[in-house]
Amino acid sequence: MSETTSTNEEKKKPPLNGRRALPSNNSNDEENEVPEMEAFGLIPRGFNPKDYLRVVDIHMFKEPHEINKQQHHTDKYYSPKLIVRRGQPFQIQIDFNRPYKPETDQFWLEYLIGRYPQQNKGTYIPILVGDVLKPGEWGAKITHKENNSIRLSIMSSATCIVGKFRLYVAVWTPFGILRTHRNSATDTYILFNPWCQQDAVYLDDEKEREEYVLNDVGIVFHGNINDIKLRSWSYGQFEENILDACLFLMDKAELELSGRGNPIKICRVASAVINSRDDSGVIAGSWDNTYTYGVAPSAWTGSVDILLEYYSSKQPVRYGQCWVFAGVFNTFLRCLGIPARLVTNYSSAHDNNANLQLDFFLDDEGKVDTKITKDSVWNYHCWNEAWMTRPDLPVGFGGWQVVDGTPQETSDGMYRCGPASVQAIKHGHVCFPFDAPFVYAEVNSDIVYSRREKNGTQVIEKIDTTHIGQLIVTKEVGGDGMMEITEEYKFQEGSKEERLALETAVMYGVKKETTQDTTYQPQTDVDMDFQVQKAVLGSDFKVTITFRNKSRNYYTANTYLSGNIVFYTGVTKNEFKKHSFSAKLEPSSSSAFDVLIKSSEYLSDLLDQASFHFFVTAQISETGKILAMQKATVLEIPTLRIKTQGEMVAGKEMSVTVEFTNPLKQTLENVTLRLEGPGVLRTMKKEFRQIPVNSTLIWEVKCTPKRPGLRKLIASLNCDALRHVYGELNVQIQKP
């Protein structure tokens, strides 16, 4: 795609940064200029574009009653443009200036999105006309020819970007490519498709699709557990400009266009941008009963006013509380075609330190001491569930995912929550992203009432294990009644399964204070342990899982190892290793099983601290008991050594040396060293073609420090096989 940019356009170009050749493509609204004549070279004088096939008109069949919107369930959108769902064919008609001759004429379609269209990012999609349409892949075929017109059936990819695409028709001539001019009437919105089996949001029940995608009103259950109240909420996902407003939210959140085919990413960024904390998102929350200069949360009746006000003013709309955030979020999800529902949890725990217990401290008279009681129980709390597959998690955790736009706690540095698999929460597998422990605590915490005696000892007065998350509800499908979904989130209170889920959750990092004896019986006659071999970054290593069967029975342990790369805070980045096997355990004996972790499996995703977290879960088939264990391990990363020589005085030249020894079993290729020290030297860079195994590289730099005082020199080394190698040195620069 060549680009003709006017000088005016040049001025608007954002500054490039050093990490990418093109600026980030995260606005659906921006466009590039596409040449109508793309010459292959010099154009001969006699060339007349009119001699070639020329597009006279394009018919999009975009009226609500016409075939496309009918077949794609988009006839309710109040929009003059074509709106289709991905992975499903739609029709257009092209009128040429003469009959189309397939033997000699060549044309193709181009769909573009954003300002920097690139084919490998899915933002520039050229479509050649073929004979067959493959399900779920981009393609086009001619279904009908008549006079100067052809009818095309176009298939979009079932994983393509969701948003507004621009359409061009390109015609090949010997001297260049002729394109149709920019015509916004042919813009095509592509949405998620819950009707398409290959789509990540596919939902197989037609009644559910009608409710969770096409119903534009809903019911919010509020009040409290003993006094359930309900109110209607207008989602209005088909109203004029709402689709554009929802696409703008993704621009606002700066979600890269290439990530907009992924419902997990969309939900995650949307849960942050729905609230105004830390990103000037849609709604400002207020829980203090003063709503000056704004609308009281209880006054809103639906999402449309809020979204349209935000779309035009670009400023947070005041004010919201949980059901307002959830109502607007639901509109956003349904509008884009992600099945969604609004859920209410009665007696919802807002646990300040995620220890699965809400601590209520009583004073001498038995009243709650509000000064030191930080945890809280919300009478009810509303969030959303969105329906999607979770290819990033082990099998079985797809389906409904909790997403919450109400700003309660930060997640990865922003106020957002989810998507967290409801199934994972029910079974206590809260290790899987995102934010499952927080949601687990919202529906499962115990309330512990304790009183401080005069002598300072803490006396526990009462433990209430059944108060939190007593009832979780949503609107029923196809009616206005209430549907209870508590058992989607938790097993029967007091059942064996509930205990097991709790133990699993505790094991996966949900802290549980032990305040009473639990009635949980673990599998006592089999012990499981695992060891991670100490390893230097870049080498393969083993995880050895050992079972000790102390019983006289033969057992089979269905074992699952999950290796995750984690931030040093313990937050998972991603799962890089999944390995399942069945272990046969002989009576009264020990057996060990090795799982090899190859460096190629982890190197590409490694984070600075090279921390891994392994979970091993084994279920004994014969007894159904679960053995589970987790360990964190850190690879050893070599460091750079920085030395200085001579005196260090402001304004005088000094010498800095960086040394590094290659610890890997391979030669390092194309190594980049960087050295910087604010106030001492500008960032300097040096490339080394190769560092052989065990050899040491020495780089000497001369510099003249500008400012006296304590300064820091920072060096980094980077190559494909080895990243995040750092060194630093504090230097005291003297006054001259």
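This section describes the overall make-up of a predicted model, followed by the annotated active-site residues, the cysteines and two helices.

The protein comprises 736 residues, of which 51% count as buried. Its secondary structure amounts to twelve helices and 40 strands. Among contacts between residues at least 6 apart in sequence, 66% link residues at least 24 apart. The accessible surface is about 34,100 Å², and carbon and sulfur atoms account for 48% of that area.

An unreviewed UniProt entry lists Cys-322, His-381 and Asp-404 under "active site". These residues are spread over 83 residues of sequence, yet they cluster in space, with a largest C-alpha distance of 9.9 Å. Each of them was examined in turn.

His-381 is located in strand β18, which covers residues 376-388. With a relative accessibility of 0%, His-381 is classed as buried. Beyond its neighbours within four places in sequence, His-381 is in contact with both other listed residues, Cys-322 and Asp-404. The further contacts of His-381 are Val-343, Thr-344, Asn-345, Ser-348, Thr-406, Gln-408 and Glu-442.

Asp-404 belongs to strand β19. Its relative accessibility is 2%, and Asp-404 is therefore counted as buried. The side chains of Asp-404 and His-381 are joined by a polar contact of 2.7 Å. When residues up to four places away in sequence are set aside, Asp-404 touches His-381, Cys-382 and Trp-383, together with Ser-271, Phe-329, Arg-416, Cys-417 and Glu-442. Glu-442 thus appears among the contacts of His-381 and among those of Asp-404.

Cys-322 is likewise buried, at 3% relative accessibility. The closest cysteine sulfur to that of Cys-322 is in Cys-382, at 4.2 Å, which is too far for a bond, given that a disulfide requires two cysteine sulfur atoms within 2.5 Å. By this criterion, the number of disulfides is zero. Cys-417, which is one of the residues touched by Asp-404, is also buried, with a relative accessibility of 5%.

Glu-442, the residue contacted by His-381 and by Asp-404, is one of the buried residues of helix α9. This helix spans residues 436-444 and is mostly covered, with eight of its nine residues buried. The buried set consists of Ala-436, Phe-438, Val-439, Tyr-440, Ala-441, Glu-442, Val-443 and Asn-444. Within helix α9, Asn-444 has a relative accessible area of 13% and so falls in the buried class, for which the limit is under 20%. Apart from residues up to four places away in sequence, Asn-444 touches Ile-468 and Lys-490.

Helix α3 covers residues 206-214, and its buried residues are Arg-209, Glu-211, Tyr-212, Val-213 and Leu-214. The buried residues of α3 pack against two groups of elements, helical and extended. The helix in question is α7 (322-336), whereas the strands are β3 (82-85), β16 (340-350), β19 (399-404), β25 (471-475) and β26 (482-484). Among these partners, β19 is the strand in which Asp-404 is found. The N-terminal end of α3 is capped by Asp-205, a side-chain oxygen of which lies 2.8 Å from the backbone nitrogen of Lys-207.

Conventions:
Residues numbered from 1 in each chain as written. Predicted model: local features only at pLDDT ≥ 70, side-chain atom pairs only at ≥ 80, totals over all residues. Heavy atoms only, no water. Buried < 20%, exposed > 50% of the residue type's maximum accessible area, 1.4 Å probe, protein only. Helix = DSSP H or I, 4+ residues; strand = E, 2+ residues; numbered from the N terminus. Contact = heavy atoms within 4.5 Å. Polar contact = N/O pair within 3.5 Å; in protein donor to acceptor, adjacent residues only side chain to side chain. UniProt positions renumbered as here; feature names shortened; annotations may be inferred. Areas by Shrake-Rupley, 256 points an atom, 1.4 Å probe, with all protein chains shown as cover.
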